[in-house]
Amino acid sequence: TELAETYSHKPLSLFHTPFLLLSSHSSLPFHLFCKKKSHFYEPFFLLHFQDLKNFCRDLGVVEMRGPLGAVIGKYPSSDGGVAGKGDGIIKHNRKCRDVVFLVIFIAFWVAMIVNSSFGFNQGNPLRLTYGLDYKGNVCGDRHADPDLRELELRYWVNPNQVYESGSKDNQAKLSNARTICLMDCPIPSEDSLNWVCDYPEGEVRLSVDDWIDRNYDYFADLTPDLRNTSLQLQGPCYPVIFPSVNVYWSCQLIARASNVSLRHWREMGGVNIVEDIAVDKSIHGLINSRSLVLKRYVADVGKSWGVLIVCGGILPVFLSVIWLLMIRHFVAAMPWITVVLFNGLIVSVTMFYYLKAGWIGNDSISPIIGEHDPYYHVFAREISHLHAAAVVMTAVMIISVLSSIAIVRRILMATSVLKVAAKVIGEVQALIIFPIIPYAILAIFYMFWFSAALHLFSSGRVVQNDCNTNCCAYDLKLKRVSCDRCCGYSIQYTSHIAVAIFFHLFGGYWATQFFVASSATVIAGSVATYYWARGGTSPEISFLPVLSSMKRLLRYSIGSVALGSLIVSFIESIRFILEALRRKLKVTNSAPESWFGRMVYNSSQCLLRCVGWTIKSVNRNAYILIAITGKGFFKSSEIATDLIISNILRIGKVNVIGDVILFLGKLCVSLASALFAFLMLDTHKYNIGHNKISSPIFPVLVCWFLGYVVATLFFAVVEMSIDTIILSFCQDSEEHQGTAQYAPPLLLATLNDQTEMQRLTQ
């Protein structure tokens, strides 16, 4: 009042709340504008910084950064009144932001539902595991004609057709060879000739159950004419000359004909059957084709749904909550515990890859299902993939262990900054249980998404092939040999199915980023409220700051979160497309061979990785400013970037080390999920029968991914607490000319310890 009367000779009571516009240069004078009752802003007085600071302290006003510099004053809240110090900073002048992108996000969800309904309508997950028979039925399908619910194995009945498809001089394809669904793979008899006959129908009066009980053999009941067509390898019965073994639900013929069966066949006047290694290689090549391997990988995810629920859903929540509680009560020891656990877990997971790859022990995966000759081995592409995964994990393990050793000297700084986050969690205890809400929403979404993904990958139309080969076969319904409709069946995929699958993958990633970003924004709003109330539980803080932050997000900023998550998803999708093109060019030998071409490609990949990492970092800080200021995504990103650049030397050391420890903590949770997934997949249930998985790679990777996402949701409590407090500190410092007025003492001690800074930067 004394200063005001000195400079203006007017009593301060004539004015409403004072407002002050500061220049960005502290050496310049500042103009204070006060609003009269009946007039617009008028110059009040001119002050330099020191007088201004004392004046504002006497008035008890707070500072807030504005678009033209620091704005000091009591901000009107969203309801038009004058809010308190802490609440006003968080709630002032909010309105809906980035509404257009919210509309786009809603439209995207509608498209996701339509796209998924197409998959549910056209797909059949059985196609991912089992093959088709000569009628176009999927083996194991209870809705087929006849009922094939117990007949899951695909068997090629005509060995000459298999040989022709594997011969280099023949244009025949294995997809046109006659197949039938059986319960087990036939083997030749030791003293006679076994037969496998077509499904009983027409003039063959047998039920399917009786046909199975007779080992698929009704040759003795055939008329002489039908026996003659069978000896011509035209059915309805076919001889079992070659032994076979169940390899991923297809009967792999072994090119080692039974002498007894072959002699009986010749004595009966059967046509010549070629005994050649091409019989073995033809089926083996089909089983190991890229498309079937990919289908088996996707099917493995569906078969291991129990593992995904336990190791990808329940276990990460338990471990994350335990980690948060330990941060709350044993914060000093947690960085050391995290580093030690990380090293132990990554070594354990790597050893499991070695074990399944067959490099140590005798527990490697086998493509053969059920009992078989122990001296007969079948190579599968899945084994080579496990070898590659083991090599990659070895490199990752070495780099990770060396990196964790390198940061040991900097762990003390992480301890200090984690203590600040622990204090916040202790004051705002709802933060510990809040991640349950986005976790539950994300869990429901993933159940829908994975189910739709399985149906989309298995969608397509079953069509009969157009073949020109000699494939005549006896038709029991037509009662004659038919050469018109004897071609095999295949699943026809169109380009729009590939687009639907890509859209579904993009949608899953965008939705994941959206829910994670929404959770982070809510946490940032809660922590910011705590910071600007001077780290206390004053009455000016909402009784439930988490619920208040959720309300602000849903009412004003949900569009901004949708925009930020869309940008990250778009950048990652471009990287994915470029990597897919690189692999395709590599397969077709069209990859750039010149040093310039390789340099351009590698540079583009590196640039995209850097851009992706930068955008993720900017997004996280933008969400904090969205929660604090209520501005749009791009404006919040700009303010956050300016604050970080202005204070990079002061906060960089704390922020980086803290992020590294939290990243290691998330990896600990995800690696523990992967380790338990290995253990569950190693049980009898997933190693035999129709539940057998082809390889643990995909289920383990999915569990690792789900564990990491769940850990991200829960660890965001600590991560966003640290980042929000640090950004608030930067804003606080800039508004108070380098001296933060609201920072917790522990944070000030951490950031202002010059001795520690010198030690860390050595």
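**Helix packing and disulfides**

Helix 12 and helix 13 run roughly antiparallel to each other (an angle over 145 degrees). This is a predicted model, in which local features need pLDDT of at least 70 and side-chain atom pairs count only at pLDDT 80 or more, while totals for chains, interfaces and linings use all residues. Residues are numbered from 1 along each chain as its sequence is written, and side-chain values use heavy atoms, without hydrogens and water.

Helix 12 spans residues 334-357 and helix 13 residues 381-406; helices are DSSP runs of H or I with at least four residues, strands are E runs of at least two, and both are numbered from the N terminus. The two helices pack at about 165 degrees, axes 9 Å apart. Axes are lines fitted to C-alpha atoms over the stretch in contact, and angles run from 0 to 180 degrees between N-to-C directions. The contact (heavy atoms within 4.5 Å) includes Phe 342, Ile 346 and Tyr 353 of helix 12 and Leu 386, Met 393 and Met 397 of helix 13. Its residues divide into 15 nonpolar, six polar and one charged. Here Ala, Val, Leu, Ile, Met, Phe, Trp, Tyr, Cys and Pro count as nonpolar, Asp, Glu, Lys and Arg as charged, and the others, Gly among them, as polar.

Helix 13 also meets helix 10, residues 290-303. Their axes come within 10 Å and cross at roughly 70 degrees. That makes helix 10 roughly perpendicular to helix 13 (65 to 115 degrees). Arg 290, Val 293, Arg 296 and Tyr 297 of helix 10 touch Arg 381, Glu 382 and His 385 of helix 13. This contact has two nonpolar residues, one polar and four charged.

Now the cysteines. The whole structure holds three disulfides, each a pair of cysteine sulfur atoms within 2.5 Å. Cys 139 and Cys 181 form one, with sulfur atoms 1.9 Å apart. The link is left-handed, at -80 degrees about the S-S bond. Cys 139 lies in the loop between helix 4 and strand 6, Cys 181 in strand 7, 42 residues apart. Both are buried (under 20% relative accessible area, 1.4 Å probe, protein chains only).

Cys 185 pairs with Cys 251, S to S 2.2 Å. The torsion about their S-S bond is about -95 degrees, so this disulfide is left-handed. The pair bridges 66 residues.

Cys 197 joins Cys 237. At 105 degrees about the S-S bond, their link is right-handed. It ties strand 8 to strand 9. Both cysteines are buried.

Cys 311 is in no disulfide; the nearest cysteine sulfur, of Cys 703, is 5.1 Å away. Cys 311 is buried, at 1% relative accessibility.

Conventions. Angles under 35 degrees count as roughly parallel, over 145 as roughly antiparallel, 65 to 115 as roughly perpendicular and the rest as oblique. Buried means under 20% relative accessible area, exposed over 50%, partly exposed in between (1.4 Å probe, protein chains only).
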